[in-house]
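Please open the structure in your viewer and keep the selection tool at hand. The stops below say what to select at each point and what is to be found there.

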Amino acid sequence: MGVVHTLHFVFGIFGNATALFLFLAPIITFKRIIQNRSTEQFSGLPYAMTLLNCLLSAWYGLPFVSPNNLLVSTINGTGAVIESIYVLIFIAFAPKKEKKKISALLLLVLTVFAAVALVSMLSLHGNKRKLFCGIAATIFSIIMYGSPLSIIRLVIKTKSVEFMPFFLSLFVFLCGASWFAFGLLGKDPFVAIPNGFGFGLGTVQLILYAIYCEKKGFTKKLTLDESLTTENGKSHQEEKQSSNNNKSKLEQV
């Protein structure tokens, strides 16, 4: 029993560390967004869904909701602050249509969290409170892990991982694995189930990255080549070759 308790604590600490890296991984993406003053093809959905997951998971891990899960609360409370910053930056630099969409989503996130917190405190007690908050946290954890599915579809369609940052995928994998083990050792299905799903999804992302990483610049190169096409249908390279051939003929004359 002592060994299980120790492993449970160790995986909790490791889960905190990997989750922190997961929350910080998008810094590179947001540095690019700020520099370009544009969100480009990046999606704001994963950050809004991660914010909701962090809020609900932090609430679930509090001692008056779920005993022995304080490590869940500490890291998710930190994550909620970080994700809030990301969402606000995304809204600031997103196109008008996307700005409205993510702003409405942020309002929905705060409304859902407030509703769950109020219902659990005012109407439920003991195991019923834990069950209600656990189900809510599980549902939105799965949604959070599932939100990059649109990016996975883009990767498969374009055969490029330009808009699927590697470190984000890596830490989805590590974080999911850590908290999955934590949930199994603590016999807590509300931690194990969603993070098992995240572990599987992180594995898929890493496999896709391994397949398409060498083609990261393919889309950019293709676009550049297409832009060099002339009015008569010849590419810049074809014109250059034609010019060289004409030059050789003149020299022969």
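Begin with the space enclosed inside this predicted model, where the lining of the second largest cavity is made up, by class, of 14 nonpolar residues, six polar residues and no charged ones. This cavity has a volume of about 240 Å³, and the structure holds two cavities of 30 Å³ or more. To centre the view on the second largest cavity, select Asn53, Ser57, Asn76, Trp179 and Asn195, which are the closest to its centre of the 20 residues that line it. If you then colour by helix, the elements that give two or more residues to this lining are helix 1, helix 3 (45-60), helix 4 (70-93), helix 6 (126-146), helix 8 (166-185) and helix 9 (189-212).

Move next to the largest pocket, which has a volume of about 530 Å³. Of the 20 residues that line the largest pocket, the ones to select are His5, His8, Asn68, Leu185 and Gly186, since these are the closest to its centre. Helix 1, helix 4, helix 8 and helix 9 each give two or more residues to the lining of the largest pocket, and helix 1 gives the most, with four residues. The class make-up of this lining is 11 nonpolar, six polar and three charged residues.

Stay at the pocket and select His8 alone, which lies in helix 1 (residues 2-24). Is His8 buried or exposed? Its relative accessible area is 15%, and His8 is therefore classed as buried, the cut-off for that class being under 20%. Show the side chain of His8 and follow it to the backbone oxygen of Phe182, which the side chain reaches at 3.5 Å. With neighbours within four places in sequence left aside, the residues in contact with His8 are Asn68, Phe182, Leu185 and Gly186.

The following stop is Tyr86, which is found in helix 4. Tyr86 has a relative accessibility of 5% and so counts as buried. Once its neighbours within four places in sequence are set aside, Tyr86 is in contact with Phe23, Leu24, Pro26, Ile27, Phe30 and Tyr47. For one of these partners, Ile27, you can draw a line from C-alpha to C-alpha, which spans 8.5 Å in space although Tyr86 and Ile27 are 59 residues apart in sequence.

Now turn to a charged pair by selecting Glu40 together with Arg32, which form a salt bridge with their closest N and O atoms 2.8 Å apart. Side chains of opposite charge can pair when their charged atoms come close. The count of salt bridges comes to one. How accessible are the two partners? Glu40 has a relative accessible area of 34% and is partly exposed, and Arg32, at 23% relative accessibility, also counts as partly exposed.

The last selection is Glu98, which is found in helix 5 (residues 96-122). Leaving out neighbours within four places in sequence, the residues in contact with Glu98 are Gly44 and Phe90. To finish, add Thr39 to the view and draw the line between the C-alpha atoms of Glu98 and Thr39, which lie 9.3 Å apart in space and 59 residues apart in sequence.

How values were computed. Residues are numbered from 1 along each chain as its sequence is written. This is a predicted model: local features need pLDDT of at least 70, side-chain atom pairs count only at pLDDT 80 or more; totals for chains, interfaces and linings use all residues. Side-chain values use heavy atoms; hydrogens and water are left out. Buried means under 20% relative accessible area, exposed over 50%, partly exposed in between (1.4 Å probe, protein chains only). A polar contact is a pair of N or O atoms within 3.5 Å; within protein, one must be able to donate a hydrogen and the other to accept it, and residues adjacent in sequence count only if both atoms are side-chain atoms. Contact means heavy atoms within 4.5 Å. On a 1 Å grid over the protein atoms alone, a cavity is a set of points where a 1.4 Å probe fits but cannot get out, and a pocket is an open set with protein on both sides within 12 Å along at least five of seven lines; lining residues have an atom within 4 Å of a point. Grid points are joined across faces, edges and corners, and a volume is the space filled by probe spheres set on the points. Ala, Val, Leu, Ile, Met, Phe, Trp, Tyr, Cys and Pro count as nonpolar, Asp, Glu, Lys and Arg as charged, and the others, Gly among them, as polar. A salt bridge is a side-chain nitrogen of Lys or Arg within 4 Å of a carboxyl oxygen of Asp or Glu.
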